[in-house]
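Visitor: I'm new to this structure and would like a close look at a single part of it. Could you pick out one strand and walk me through what surrounds it?

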Amino acid sequence: MALRIEAVPVGAFQANAYLVIDEESRRAAIVDPGAEGDALAARLSATGVTLEAIWITHGHLDHVGGITGVRRTFPDAPIWLHAADRPLYDNVAAQALAYGIPMESPPPPDRAWNEDDVVSLASHDFRIVHLPGHAPGHVALVGSDMVFVGDVVFAGSIGRTDLPLSDPHAMQASLARIAAWAPHLVLHPGHGPSTTVAVELQTNPFLAGMARPLGARA
Ligand SMILES: [Zn+2]
Ligand SMILES: [Zn+2]
């Protein structure tokens, strides 16, 4: 059975937290609880699922600010983050203060993403792809038919590369990798609506010219 994906825009930046639910086993993961963690946890509890993991695409405040609240309800759900984003993550309360947003420092991550790691929710696998540029430790979680792509690419746009620890050159290499993904993959971004690789190759000016030659395979 397919996973149920619920996008929940949260906080001042309206970042998408994604509830990833396996109906059959009643197990769930959450991607990027960026704010309103207690409400996200309540929503998960109401559906009667067990939260197995907190999967973080990158360490910006609008993607991690709700972790503390989620962990109040689900204290055993491990937090996954790439080690290269620890400088962002560990200072996230200070980041938030700069925007005037009060925030509790999240607990330290329990697990570190590495390229080609595979994490599972019930029978559904996600492979980790390291996509630096917007943030040094940014990852995407690539499933069989969908990708949680964080702030690397959005419908019609891409993530900023003028932030502390951003790297515009690394971003170009990361975008080239996305352009080579299977066209049918649904992209679930950190902000705004979901899209597909095929649509972005045709309509996203930042991916224009990166399409594979016709007939080429990923
Ligand atoms: Zn970001
Ligand atoms: Zn964001």
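Guide: Let's start with a hairpin: β9 is joined to β10 through 3 residues. Keep in mind that this is a predicted model. I'll stay with strand β10, which covers residues 146-150, and work outwards from there.

First, the β9 side. Strand β9 takes in residues 139-142, and its pairing with β10 is antiparallel, over 2 bridges. To find a spot where the two strands face each other, look for valine 142, which stands opposite valine 147 in β10.

Now for the β13 side. Here β10 pairs with strand β13, residues 186-189, in the parallel sense, and this pairing runs over 4 bridges. Methionine 146 has valine 186 of β13 as its bridge partner. Further along, phenylalanine 148 stands opposite histidine 188 in β13. As a bit of background, strands of a sheet pair through backbone hydrogen bonds, and they can do so parallel or antiparallel.

So what does the whole sheet look like? It is an open sheet of 6 strands, and their order is β7-β8-β9-β10-β13-β14, with mixed pairing. At its edges sit β7 and β14 (195-196), each of which pairs on one side only.

How covered is β10 itself? Mostly: 5 of its 5 residues are buried. Met146, Phe148 and Gly150 point one way, while Val147 and Val149 point the other way, and all of them are buried.

Let's step back to the protein around the strand. It has 7 helices and 14 strands, and 47% of its 218 residues count as buried. Along the principal axes, the C-alpha atoms fill a box of roughly 50 × 45 × 25 Å. The radius of gyration is 16 Å, which agrees with the value near 17 Å that a compact globule of 218 residues would have. Among contacts between residues at least 6 apart in sequence, 60% join residues at least 24 apart.

For another buried spot, try alanine 28 in strand β3, residues 27-31. Alanine 28 counts as buried because it has 25 C-beta neighbours inside 10 Å, and 20 or more is what a residue needs to be called buried. Leaving aside neighbours within four places in sequence, alanine 28 has contacts that include Leu19, Val20, Ile21, Leu44 and Val49. Proline 136 is another matter: alanine 28 and proline 136 are 108 residues apart in sequence and 27 Å apart in space, C-alpha to C-alpha.

Two loop residues are worth a visit too. Glutamine 14 is found in the loop between β1 (4-10) and β2 (15-22). Its phi is near 50°, a positive value in a residue other than glycine. Glutamine 14 counts as partly exposed because it has 14 C-beta neighbours inside 10 Å. Aspartate 116 is in the loop between β6 (111-113) and β7 (118-121), so you meet it just ahead of an edge strand of our sheet in the numbering. Aspartate 116 also has a positive phi, about 75°, although it is not a glycine. With 9 C-beta neighbours inside 10 Å, aspartate 116 counts as exposed.

Our last stop is helix α7, residues 197-203, where you'll find valine 199. Valine 199 is partly exposed, with 16 other C-beta atoms within 10 Å. From valine 199 to arginine 86 is 33 Å in space, C-alpha to C-alpha, and the two are 113 residues apart in sequence.

Definitions and conventions:
Residues numbered from 1 in each chain as written. Chains lettered and ligands numbered in written order. Predicted model: local features only at pLDDT ≥ 70, side-chain atom pairs only at ≥ 80, totals over all residues. Buried ≥ 20, exposed ≤ 12 C-beta atoms within 10 Å, placed from the backbone. Contact = placed C-beta atoms within 7 Å. Pairing = 2+ DSSP bridges. Rg over C-alpha atoms; globule rule 2.2 N^0.38 Å.
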